[in-house]
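Let's walk through how the parts of this model meet, starting inside one chain and then moving out to its partner.

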Amino acid sequence: MIPSAVAEIAGFCMQVTRTRDPPKSGRITATKPYPVHLMKNGSSKHLEVVGKPFRKVDASAKVTGQTKFADDIVLPRMLYCKILRSHVPHALIRKIDTSKAVAMPGVVAVITGKSLPIPYGILPVSQDEHALCLDKVRMIGDPVAAVAAIDEDAAFEAMNAIEVEYDPLPVISSIQDALRSPGSAHMDDNPSRTGGPQLAGENKEAWRIHGYGDHGNVHKMVALEFGDVEEGFKQADLIREDVFFYEGNTHLPMEQHAAVAQVDGDGKLCLWSSTQTPHYVHRALAKVLEMPASRIRVIATPNGGGFGGKSDPFPHEMIVSKLALLTGRPVKVTLTREEVFYCHRGRHPVLMWVKTGAKKDGAITAMHFRSFLDGGAYGSYGVASTYYTGALQTVTYKIPNYKFEGVRVFTNKPPCGPKRGHGTPQPRYALEVHLDKIAEQLRLDPVAIRKNHLVEPYSLTSNYLRVGSMGLAACIDKVVTASDFKNKFRNLPYGKGIGLACASYLSGAGLPIYWNHMPHSGVQLRLDRQGGVCVMCGSIDIGQGSDSVLAYIIAEVLGIDPFDIRVLTADTDLTPVDLGSYSSRVTLMTGNAALEAAERARDLLIRAVSEKMNIPATRLSLSGGRLFDVENPETSISFAEAVQIAEARFGTIGTVGSYTPPPSAGKYKGAGVGPSPAYSYDAAVAEVEVDPRTGIVRVERIWIAHDIGRAINPALTLGQVEGSVYMGLGEALMEEMSYRTNRNVVHKFPSLLEYKSPTTLEMCDVKTFLIEDPDPNGPFGAKEVGQGPLLPVPPAIANAVYDAVQVRIDEVPITPDKVLSAIQKRDEKQEDEGESANGGGTGITRGVEEPHRYGPKSVPEVDWPEPVRVKPPWDGGTGKEILREAVHARE
Amino acid sequence: MRKQITLRLNDEPRTLEVQPNDILLDVLREKLGVKSPKIGCERGDCGACTILLDGKTVRSCLILAIEADGHEVMTVEGLSRGSLTPVQQALLEHNSFQCGFCAPGVVLAATELLGDNPHPTEQDVKEALSGNLCRCTGYQSIIEAIIDVQEKASKSL
């Protein structure tokens with residue numbers, strides 16, 4: 001009998017089309033049927049696991065509440081840690097007196113910055129953090145001292161008994177303040193004359209938040225030019241400039257960060273932490289604790305949500321480790337919700353200016369993009385974030401000449417970093433609204449202006465990003481048809497509107513965070529003679545389903561049930577390095593590593609069985625938990641028997657697999673940010689209702705099509721798309737990190753109630769379509785899905801709001817006050833026809849009647865550095881920058 | 001000043017000493033070893049610490065342990081003893097959860113809803129769950145699973 005693998009496995013399958021409306025066609029639609037996968041050894045096999053809507057391997061633990069998160073860990077004699085944080089935004093620490101705290105009952109240890117003097121940071125170029133501040137605090141919430149006590153109450157009381165004296169320093173609270181602060185290059189040193197922040201009698205250094213960076217409070221400035229934008233603008237029929245602002249917001253994972261440290265009997269340190277990047281935490285701990293990494297073990301616990309917010313090494317991880325080493329007892333810390341807000345590392349507030357030249361048919365001739373990032377108090381991923389605000393503009397529509405200038409500044413606010421989409425939702429919002437305005441000005445259809453100028457699949461962009469499979473045209477078609485966009489656009493009654501936007505995102509960063517030539521992901525596989533399979537990998541499941549993806553891919557290759565596989569992940573002692581769950585890298589990179597390990601294991605089994613049973617290896621196949629002869633299916637043995645034959649032949653059966661991304665095409669300075677093995681694509685249409693009396697925007701429905709390459713599991717893919725749409729909706733309409741001003745910069749509402757996020761009642765209906773155009777670099781053709789689908793949501797909503805009420809909201813979030821303000825301004829103007837000003841709009845694009853708008857009017861004047869100039873590929877470029885001398889000679 | 005309290009936790013009698021200001025959530029997690037109620041905000045905003053107190057959902061971070069004296073407390077641990085309830089089964093089949101941190105609260109809120117109203121509309125489900133925040137899913141997979149419970153039940157009749 002041929003093992004009926006599909007039927008057997010179907011028992012574990014779930015219904016993927018969990019749709020209720022429309023009843024007949026599911027919400028998941030694929031452009032192609034799941035094809036036959038060509039295996040690396042040339043044999044082909046129908047897919048039995050990949051492409052099927054299996055349950056998550058950890059689904060049962062989730063619904064029974066048995067998933068063990070970091071705060072659920074309890075160890076004998078465990079101490080509790082509380083961290084005293086600064087209540088002032090910028091100050092020198094004059095004195096810390098811990099004597100009262102030390103003397104309190106139940107207190108076992110109190111430490112300050114002196115105990116942990118080594119700086120660290122996620123990027124090698126930004127080693128600017130201390131576990132506990134040494135001599136200076138840079139924001140409210142900066143950690144200053146820590147207590148370990150026998151219970152949480154004792155720790156809390158002792159923390160409050162620590163006395164700290166501060167000498168206040170001038171406070172920088174905005175991009176403009178930072179650019180104008182004394183000590184910044186090209187700025188007048190007298191802030192009162194330049195309109196900068198005012199505080200008398202300070203020296204220049206007092207204004208500086210960090211002693212490094214480009215100058216003053218400028219952390220990083222970048223300038224890149226591909227081709228010649230001035231030449232490109234000359235060829236344009238229309239040149240348009242716009243200014244946008246995207247407010248910062250935060251990840252808001254439901255699980256507050258927590259960590260437990262323990263020193264084992266042999267003196268080795270073990271840290272359990274809710275982190276997305278155990279490998280980077282491992283490196284940072286070794287540095288800060290001045291211990292060999294071989295004596296430190298980091299175990300990432302399942303993350304109760306991450307979204308990028310648990311990607312940095314954090315002070316609390318260093319602190320409990322140090323306290324465990326000092327006391328010899330386990331130490332736990334769980335941050336409060338307020339502390340989580342101050343840890344932040346979320347979306348950068350970004351002010352943007354974009355100038356585009358276009359032909360009459362909408363073809364872009366040149367684009368010049370400037371971004372200004374409010375980085376907060378520390379570097380974090382900020383240098384990468386800065387580049388990311390300029391990197392992915394080029395991978396959707398053809399931009400033959402492209403110039404990007406970006407600046408990130410330090411301010412006395414919680415540091416920004418990577419949040420879902422890392423540095424790209426802000427420019428994508430600007431670009432897609434800007435394009436909508438260009439289309440209107442050229443009297444072009446917003447669908448056509450996008451679809452007619454798409455980047456070619458398998459091509460290089462002007463900034464040397466290598467695009468592989470590219471399903472954006474199919475994505476656009478899907479959502480435009482499903483939403484009846486063409487009939488609704490500009491035809492809905494006043495107050496109702498529809499908008500379109502597209503986007504693209506990485507399937508993993510092409511380069512590691514610290515420079516090295518090693519693989520980005522490793523997988524180790526162990527086959528047990530009783531048929532068990534254990535997969536070990538450094539990747540961590542943050543809810544996205546990476547444990548499940550590992551199991552599915554291995555099950556597919558070995559022909560076994562994914563639920564029989566033991567998945568052991570994110571333990572630096574036991575599992576090979578994976579760089580972490582960030583940049584949408586895990587399915588592609590870990591998946592490829594798992595595929596390699598599994599194919600090696602399969603080949604061992606087949607070789608051994610082929611020899612033993614005297615059947616050519618090419619005729620042997622693994623399926624349904626058995627190994628059988630495809631030409632004589634009655635001849636089969638169980639998977640366990642196959643392992644036994646292989647173990648007898650080769651010894652213990654274990655294999656490894658690893659993955660290193662292909663080298664980047666760009667070789668210029670700054671080319672490290674943007675390259676990826678594959679890019680996902682999205683198109684979204686939003687339909688909204690705007691109440692012109694209140695300004696309240698209600699999103700009724702979003703149609704979204706995502707080019708996934710290949711869905712390893714369409715059900716989990718769907719979950720990622722819907723979750724991304726949800727988060728994009730929150731960012732578009734309500735979420736913002738908001739601080740009191742007056743030089744105080746305390747967070748206005750660090751709570752889950754007042755930081756508005758969508759509940760079941762605000763969430764819109766989502767119609768999802770999956771486009772499958774397998775990418776040769778992905779495992780089974782798979783690309784990312786965790787982040788890309790967020791990107792088109794805010795601009796689609798902004799474009800729909802314009803369609804509804806004919807005012808442009810060039811600032812996210814689109815809150816009722818902004819909508820109302822723009823509507824009122826327009827109505828006042830209509831009443832008073834004598835007024836000559838247009839919408840009070842950008843004030844930049846002239847000669848046309850501009851719609852009324854709400855948004856920033858200008859960007860600061862900055863002396864940008866000479867750009868790194870690169871010739872595009874079609875102009876004989878090699879990916880290297882043009883040498884400075886050659887540039888000058890040409891000029 | 002400590003006070004002795006007695007409560008039924010997941011159908012088992014438990015007697016213990018607590019401080020008058022001890023929060024029920026902390027007592028459940030730290031003293032009674034029940035880890036399914038989660039700490040998400042400690043001020044009643046997120047619903048992750050939801051329990052059933054005498055069959056009604058309560059934010060266990062908002063009440064004192066002494067208030068549970070003489071009452072019946074149910075957590076997800078007590079809901080399913082070796083097998084899944086129809087609500088859990090539906091949430092499992094719909095792959096409703098991603099990180100699962102909000103799951104215990106959602107399971108109990110849905111259990112209460114279906115106990116009161118076995119045939120909820122989509123709007124009923126949305127309202128019943130509006131106090132349970134989830135950052136991963138966009139809620140759609142959760143709402144559909146809960147509606148599916150009643151559909152499965154009516155089919156099996």
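How many residue pairs are in polar contact across the interface of domain 1 of chain A and domain 2 of chain A? The rule finds 4 such pairs, with both residues at pLDDT 80 or more; keep in mind that this is a predicted model.

The side of domain 1 of chain A that touches domain 2 draws two or more residues from each of helix 1 (5–10), strand 20 (496–506) and helix 20 (714–733). Sorted by class, that side holds 14 nonpolar, 7 polar and 2 charged residues. Salt bridges don't feature here: the count between the two domains is 0. Together the domains bury about 1900 Å², and 69% of that is on carbon and sulfur atoms.

As for the domains themselves, domain 1 of chain A is pieced together from 1–33, 470–507, 676–737 and 755–860, while domain 2 spans 519–658. Domain 1 puts 23 residues into the contact and domain 2 puts in 26.

Now step out to chain B. Here 56 residues of chain A are in contact with 48 residues of chain B, and the two chains bury about 4300 Å² between them, 54% of it on carbon and sulfur atoms. The rule picks up 5 salt bridges across this interface. One of them pairs B:Arg135 with A:Glu735, whose closest N and O atoms sit 2.7 Å apart. There are also 24 residue pairs in polar contact, again with both at pLDDT 80 or more.

On the side of chain A that touches chain B, helix 2 (59–63), helix 20 and strand 30 (765–771) each supply at least two residues. Helix 20 of chain A has the largest share, 8 residues. By class, this side of chain A divides into 22 nonpolar, 19 polar and 15 charged residues.

Terms used. Residues numbered from 1 in each chain as written. Chains lettered and ligands numbered in written order. Predicted model: local features only at pLDDT ≥ 70, side-chain atom pairs only at ≥ 80, totals over all residues. Heavy atoms only, no water. Domains from an automatic or database assignment. Contact = heavy atoms within 4.5 Å. Buried area = accessible area lost by both parts, 1.4 Å probe. Salt bridge = Lys/Arg side-chain N within 4 Å of Asp/Glu carboxyl O. Polar contact = N/O pair within 3.5 Å; in protein donor to acceptor, adjacent residues only side chain to side chain. Helix = DSSP H or I, 4+ residues; strand = E, 2+ residues; numbered from the N terminus. Nonpolar A, V, L, I, M, F, W, Y, C, P; charged D, E, K, R; others polar.
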